[in-house]
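Me: I'm new to reading protein models. Can you walk me through one, starting with a single residue and then zooming out?

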Amino acid sequence: MDPVSPLEQALHAARALVLADLVAGEVAEADVVSLVEDSVVQRRWWVEQWPDGAAYVAGLVAQDVQDALLERYGRWPLCPVCGSGDPHALDVEPELGPNPHWVCHKAGVKVASVGSLGGSLGGGMPSS
Ligand SMILES: [Zn+2]
């Protein structure tokens with residue numbers, strides 16, 4: 001068995017985190033999962049060119065999938081914090097950095113880490 005490279009570990013982790021958030025939002029349909037796969041393939045190329053960016057892959061895949069879903073399905077993930085007003089999507093912060101998390105710019109709160117959205121949907125208190 002070849003040891004799994006840090007790069008592959010980062011890609012696997014990114015895929016798992018974004019899939020967990022899709023499952024939390026109940027949008028993990030087969031064609032949505034393929035959007036994640038497409039993003040991972042593209043980011044594999046990207047991170048091979050720039051291995052120092054491995055820690056940024058999860059946030060980038062999350063944003064790729066968010067963009068792809070916006071074209072096909074609509075906003076994702078919807079903000080679970082704001083109970084009223086127009087439905088709006090959460091944003092990934094930092095856009096290019098380690099430890100990405102979902103934030104609501106309207107309420108100005110950090111909702112959950114990427115991959116932990118399931119814990120914040122369903123009435124949990126948002127952490128700031
Ligand atoms: Zn909000």
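Me: Leaving aside its neighbours within four places in sequence, which residues is Val33 in contact with?

Reply: Contacts are about closeness in space, judged here by C-beta atoms lying within 7 Å. This is a predicted model, by the way. Once you skip the neighbours within four places in sequence, Val33 is in contact with Leu19 and Ala28.

Me: Where does Val33 sit in the secondary structure?

Reply: Look for helix α2, which covers residues 30-49; Val33 is found there.

Me: And why does Val33 count as partly exposed?

Reply: You count the C-beta atoms around a residue: 20 or more within 10 Å means buried, 12 or fewer means exposed, and in between is partly exposed. Val33 has 17 C-beta neighbours inside 10 Å, so it counts as partly exposed. Zooming out, buried residues make up 30% of the 128 residues in the protein.

Me: What separation do the C-alpha atoms of Val33 and Leu96 have?

Reply: They're 22 Å apart, with the two positions 63 residues apart along the chain. For the protein as a whole, take the contacts between residues at least 6 apart in sequence: 54% of them join residues at least 24 apart.

Me: In what order do the elements run from the N terminus?

Reply: Just read along the chain: the order is α-α-α-β-β-β, which comes to three helices and three strands.

Me: Why is the protein said to be as compact as a globular protein of its length?

Reply: Compare its radius of gyration with a rule for globules. The protein has 15 Å, close to the 14 Å that the globule rule gives for 128 residues, so it is as compact as a globular protein of that length. Along the principal axes, its C-alpha atoms fill a box of roughly 50 × 30 × 25 Å.

Notes
Residues are numbered from 1 along each chain as its sequence is written. This is a predicted model: local features need pLDDT of at least 70, side-chain atom pairs count only at pLDDT 80 or more; totals for chains, interfaces and linings use all residues. Helices (H or I, at least four residues) and strands (E, at least two) are DSSP runs, numbered from the N terminus. The radius of gyration is taken over C-alpha atoms; the globule rule is 2.2 Å times the number of residues to the power 0.38. Two residues are in contact if their C-beta atoms, placed from the backbone, lie within 7 Å.
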